[in-house]
Amino acid sequence: MTADELDRERLAAWLVDQSLLDRPEALVVAPISGGNQNIVARLGDGTRRMILRRPPGVVPDGRNAAMEREFRLLTALEGTDVPHATPLALCTDHDVLGATFYVMSEVDGWSPAASMSWPEPFAPEHGLAPRRRLSLELVRGLATLSAVDWQARGLTGFGRPDGFHERQVGRWTAHWDRFRFRDIPGLAEAGGWLRENVPSRWSPGIMHGDYSFLNVMFRHGPEPELAAIVDWEMATVGDPVLDLAWLMRQWPARAEDVHSRYVDYTGMPLRDEMVDIYRELTGNPLDHYRYYQVLANFKLAIVLEGGYARYLKGEVTNPKVAHYNDSILDAGRIAAELVAGA
């Protein structure tokens with residue numbers, strides 16, 4: 001199923017019932033994405049613009065519940081300083097579109113993931129100072145998220161912070177076992193080391209789970225300002241420092257590495273400075289930070305291996321997944337090097 005195949009008549013009737021649409025015949029549906037992950041579409045009636053998120057046509061186990069979790073989190077973020085899309089309505093009646101889905105406000109901004117070239121003044125040719133400020137805004141968003149009082153926002157039970165780190169190796173190894181077809185060099189050493197080096201002190205908070213330039217939007221205009229953090233499907237209550245390590249795993253440590261196939265980091269602070277900025281913004285001393293770096297690479301290798309295994313079996317056709325192999329092996333190698341103290 002794609003966004004074009006959504007039952008527009010039933011969707012329009014539901015939107016009218018939710019007071020999100022005045023006239024069913026006015027509904028316009030414009031696909032944004034749809035396929036292996038989620039179906040995302042822009043909804044409108046000429047005056048109001050909204051975004052719909054639904055699982056893919058063949059709904060994987062747990063994905064309907066994941067939609068409810070995303071909506072719950074967005075609702076909890078209302079009234080906080082975390083930039084996010086406003087949640088409008090959740091539908092758990094599968095007679096409407098065949099799965100759980102929700103509708104949120106459309107964010108007026110630009111996406112680094114969707115932009116072939118970043119707008120002025122953030123492209124490298126327009127100067128480096130704005131690009132530095134853009135990266136500072138990115139890390140500020142992460143620090144702001146980590147500061148949210150998740151219990152006061154009604155997120156008790158959203159995650160399981162007790163024993164969070166003790167579960168990580170077992171959780172991701174069990175996930176790997178579902179599709180394992182080979183050993184990944186470095187992961188055995190990393191897993192053993194992680195079990196022996198669990199942080200003794202840390203503060204639970206909201207984790208995005210996949211925080212990067214690819215999952216944020218910035219406001220239009222010359223001043224860098226986050227418009228929204230997006231794609232919350234991996235969010236939980238856990239250790240926010242893991243979000244930082246996840247963001248930093250691709251961030252260049254040396255000036256000669258600023259050109260990446262994902263993002264051109266020209267003009268942005270290097271990795272150590274970004275970590276220092278996060279430390280200053282949060283007041284978190286980042287004790288045992290090497291543990292988080294190892295865990296981020298351990299997790300990344302397994303997450304990507306799942307997609308790569310599905311690609312090799314013909315279950316995924318996205319050509320980008322064919323290139324995961326190098327990233328998987330790099331993550332295992334880096335994890336092992338970090339364990340060795342490199």
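Here are four short exercises on this predicted model, each with a worked solution.

Before you start, know that residues are numbered from 1 along each chain as its sequence is written. Local features need pLDDT of at least 70 and side-chain atom pairs count only at pLDDT 80 or more, while totals for chains, interfaces and linings use all residues, and side-chain values use heavy atoms, with hydrogens and water left out.

**Exercise 1. Work out whether the overall size of the protein chain agrees with a compact globule.**

Step 1: Start with the rule, which is 2.2 Å times the number of residues to the power 0.38, with the radius of gyration taken over C-alpha atoms.
Step 2: Put in 342 residues, and a compact globule should come out near 20 Å; the chain has 21 Å, so the two agree.
Step 3: For another view, the C-alpha atoms fill a box of roughly 65 × 45 × 40 Å along the principal axes.
Step 4: Now look inside: 48% of the 342 residues count as buried (buried means under 20% relative accessible area, exposed over 50%, partly exposed in between, with a 1.4 Å probe and protein chains only).

**Exercise 2. Find which strands β3 pairs with, and which residues stand opposite each other.**

Step 1: Get the inventory: the chain has ten helices and nine strands. These are DSSP runs numbered from the N terminus, helices being H or I with at least four residues and strands E with at least two.
Step 2: Strands pair if DSSP finds at least two bridges between them. Strand β2 (residues 39-44) runs antiparallel to β3, and six bridges join them.
Step 3: Pick out facing residues: Leu43 is opposite Met50, and Gly44 is opposite Arg49.
Step 4: Check the turn, where four residues sit between β2 and β3 and Gly46 takes a positive phi near 100°.
Step 5: Go to the other partner, strand β5 (residues 101-105), which pairs with β3 in the antiparallel sense over four bridges. Here Arg53 stands opposite Tyr102.

**Exercise 3. Decide how well covered β2 and β3 are.**

Step 1: Count for β2: five of its six residues are buried, so the rest of the structure largely encloses it.
Step 2: Repeat for β3 (residues 49-54), where five of six residues are buried too, making the strand mostly covered.
Step 3: Keep one rule in mind as you look: in a regular strand the side chains alternate between the two faces of the sheet.

**Exercise 4. Describe the largest cavity and the second largest pocket.**

Step 1: Sort out the words. On a 1 Å grid over the protein atoms alone, a cavity is a set of points where a 1.4 Å probe fits but cannot get out; a pocket is an open set with protein on both sides within 12 Å along at least five of seven lines, and lining residues have an atom within 4 Å of a point.
Step 2: The structure holds one cavity of 30 Å³ or more. The largest cavity has about 60 Å³ of space, a volume being the space filled by probe spheres set on the points, which are joined across faces, edges and corners.
Step 3: Its lining includes Phe213, Trp246 and Arg249.
Step 4: Turn to the second largest pocket, with about 380 Å³. Of its 20 lining residues, Arg201, Trp202, Ser203, Asn284 and Pro285 lie nearest the centre.
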